[in-house]
Amino acid sequence: MTSAVQFEKVSKHFNNVRAVDDVDLTINDGEFFAMLGPSGSGKTTCLRLIAGFERPTSGEISVLGEPVKNVPPYRRNVNTVFQDYALFPHLSVAENVSYALKIKKIDKTIRRTETENLLDMVRLQGYGDRKPSELSGGQRQRVALARALISKPKVLLLDEPLGALDLKLREEMQEELKSLQRTLGITFVFVTHDQGEAFSMADRLAVFNEGRVAQLGTPEDIYYRPKNAFVASFVGTSNVLSKNLLNSLGIEGFAASLRPEDINIDSENGIAARLISKSFLGSATRLSLEINKERLTALVDYAQGQHLKENDEVRVSWKSSALHMMQPAP
Amino acid sequence: MRSSQDSRAPLSLKTAAVCGLLFMHLPILLIFIYAFTTEDKTYQWPPPGFTLKWLGVTWNRPDVWEAMRLSLKVAAISTCIALVLGTLSAAAVSRSKFFGRETISLLIILPIALPGIITGIALRSAFSIADIPFSVWTIVLGHATFCVVVVYNNAVARFRRTSTSLVEASMDLGANSFQTFRYIILPNIATALLAGGMLAFALSFDEVIVTTLTAGQQATLPIWMLEELVRPRQRPVTNVVAMVVFLVTFVPILLAYYLIRDGDHVSGQGK
């Protein structure tokens, strides 16, 4: 299987800032790939490197097996859905969608049918004559998607495309994007800072931190087996157990992650902890615990947490397999 | 109810405003009236009678036509130069970061802040040092210095409001730089350029000081008018010409005003 996108020791420096720092990455053909990370972690720069808006300071990027060092953005078989959608304000929806075909000087009747097909696909039939300013945020997002897909790219890049939408619409679009990607069978590279979004859509994801890939893997890998403290704390609410705490419990290791739902309240044996606070979440109760002056968060059943009061001494335990050993941050 | 009453201006302020506007605009009306007077030596008030004969007289004066042609030519050429240079420099200043960008921006705007007499003297001495004979082209060069500013200011404002991702989106969809300029940038800045161009045209058309200092034997329309006032000969002809100049410059400025105002609704961003 050929790779859709490959980074080989790619770095991108802006003045003295290493936006992307020595990244090696392979995105497989036909997969839904997410780049996850806080703002400034280099994920958007990576996307712009693939699109060709930025050129790497060093290293080599290949798209579909071909090095793209000297290929300008308009000759790459890659299209982008921009964060602000970047719809052309002076053109109608149909003209926006058919722009790529007009540039390629494709026959007008073909252009029209293709545009109709794409508008059908994103469920915007009959909106062709409107101006982008007359559409809602969600509709603009669909127009941007249709416009990027009309020239049948092999790789579609999406730069936080759901960021400007409200929660309900965002969840709908997540499912829609996922099924669209399955139907088209092309590679989607999706940039987001929202781990929920990345987990629900991606086949694989890369977690970015300070211009480097902190971890690459499936959502399950990253959720249950974070490689380092950054990934563990950025992805969800995992507890990070420090070296000191581990040693005090008689465990060797640099650091370990422990999911809140893996901690059990155990009245007989277990480790002594003090309950700092508890909050009722509906299906579960969240406990904030202190062991050896370190805070841990636990999620327990309503029944288990019911009788506990703040400042209670409790005993907690977890299965040894739940404790996941980590390496130092990259 | 109360707030609408509160927001009303007192009568005295309204009177003052009306008087102020009349003070500014009545003299223009006087010029129009004198264009139709029967008396041709002095500006006598009230005019002893009204006639349309000066329109015909003006029509048959070759010197008026010559001055008019020169003015239109100079204004047209300097506007064209301003459109090209103004757009290019606006694009450079608003789209990229480079060393000395702020300085260049200031230097482009400077000619319009500089008194015309200084621009004129500077150009005049520069032309004589470089041994360039005074001609239509020296006038055009002089006018271009301030016409560029007008176009530049309009274009820069529009470029700033146009999202840079539009250009990237166009490139992403397969358009090269030329196609992107033609299909995306130009339509988005067109009204700003039209407005800037019209203002530039109007500025050039009635400019006197720089023209006086950079012209040789040629007389543009405003210069011709000044000469006529000094050596009166069929005085109302000057008024007829003044009326024409007023219309020729007023209409583009009015159009430019409406274009810029409407342009505010054209936002460059998808948000």
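# Reading the labels on a two-chain model

Visitor: Why is Cys147(B) called buried?

Guide: Cys147(B) has a relative accessible area of 0%, and buried means under 20%, so the label applies. Do keep in mind that this is a predicted model.

Visitor: How do you know that Cys147(B) is in no disulfide?

Guide: The nearest cysteine sulfur, that of Cys80(B), is 10 Å away. A disulfide needs the two sulfur atoms within 2.5 Å, so Cys147(B) is left unpaired. Over all chains the count comes to 0 disulfides.

Visitor: And what makes Cys19(B) partly exposed?

Guide: Its relative accessibility is 45%. Partly exposed lies between the buried limit of 20% and the exposed limit of 50%, so Cys19(B) belongs there.

Visitor: What makes the contact between Lys152(A) and Glu114(A) a salt bridge?

Guide: Their side chains meet at 3.1 Å, N to O. The cut-off is 4 Å between a side-chain nitrogen of Lys or Arg and a carboxyl oxygen of Asp or Glu, so the pair qualifies. This pair links distant parts of the chain: Lys152(A) sits in the loop between helix H5 (137-149) and strand S7 (155-159) of chain A, and Glu114(A) in helix H4 (residues 108-121), 38 residues apart.

Visitor: Why is Lys152(A) called exposed?

Guide: Lys152(A) has 56% relative accessibility, and exposed means over 50%, so the word fits.

Visitor: Which salt bridges does Arg61(B) form?

Guide: One is with Asp63(B), where the closest N and O atoms are 3.0 Å apart. Another is with Glu228(B), at 3.3 Å, N to O. The second pair links distant parts of the chain, with Arg61(B) in the loop between helix H3 (53-59) and helix H4 (62-95) of chain B, and Glu228(B) in helix H11 (residues 221-230), 167 residues apart. Both distances fall within 4 Å, so each pair counts.

Visitor: How do you know whether Arg61(B) and Asp63(B) are buried or partly exposed?

Guide: Arg61(B) has 7% relative accessibility and counts as buried, while Asp63(B), at 23%, counts as partly exposed. The buried label stops at 20%, so the two residues fall on opposite sides of that limit. Glu228(B) is buried, as is Arg61(B).

Visitor: How many salt bridges does the structure hold?

Guide: There are 20 over all chains. In chain A, Arg18(A), Asp21(A) and Arg212(A) are linked in a network of salt bridges.

Visitor: What makes helix H1 of chain A largely enclosed by the rest of the structure?

Guide: Of the 9 residues in H1(A) (residues 43-51), 7 are buried, so the helix is largely enclosed. The buried residues are Lys43(A), Thr45(A), Cys46(A), Leu47(A), Leu49(A), Ile50(A) and Ala51(A). Just after H1(A), Gly52(A) takes a positive phi of about 100°.

Visitor: Where does chain A stand overall?

Guide: Chain A comes to 11 helices and 18 strands. Buried residues make up 51% of its 330 residues, and its C-alpha trace spans about 80 × 45 × 35 Å along the principal axes. Leu101(A), in helix H3 (residues 99-103), is buried, with a relative accessible area of 6%.

Visitor: Which residues gather in the patch of positive charge on the surface?

Guide: Lys102(A), Lys108(A), Arg112(A) and Arg182(B) do. Arg182(B) is found in helix H9 (residues 177-205) of chain B.

Visitor: What makes Arg182(B) accessible enough for a patch?

Guide: A patch residue needs over 30% relative accessible area. Arg182(B) has 44%, so it passes that part of the rule, and it is partly exposed.

Visitor: Which residues make the nonpolar surface patch?

Guide: Leu107(B), Leu110(B), Leu114(B), Ile117(B), Ile118(B), Ile121(B) and Ile209(B) make a patch of about 590 Å². Helix H5 (101-113) and helix H6 (116-129) of chain B each give two or more residues, and H6(B) has the largest share, with 3 residues.

Visitor: Why is Ile121(B) called partly exposed?

Guide: Ile121(B), in helix H6 of chain B, has 48% relative accessibility. Exposed means over 50%, so Ile121(B) stays in the partly exposed class.

Visitor: And why is Ile223(B) called buried?

Guide: Ile223(B), found in helix H11 of chain B, has 11% relative accessibility. That value is under 20%, so Ile223(B) counts as buried.

Terms used
Residues numbered from 1 in each chain as written. Chains lettered and ligands numbered in written order. Predicted model: local features only at pLDDT ≥ 70, side-chain atom pairs only at ≥ 80, totals over all residues. Heavy atoms only, no water. Buried < 20%, exposed > 50% of the residue type's maximum accessible area, 1.4 Å probe, protein only. Helix = DSSP H or I, 4+ residues; strand = E, 2+ residues; numbered from the N terminus. Patch = residues over 30% accessible without salt bridge, like charges linked within 9 Å, V, L, I, M, F, W, Y side chains within 5 Å. Areas by Shrake-Rupley, 256 points an atom, 1.4 Å probe, with all protein chains shown as cover. Lys, Arg positive; Asp, Glu negative; His and termini not counted. Charge placed at Lys NZ, Arg CZ, Asp CG, Glu CD.
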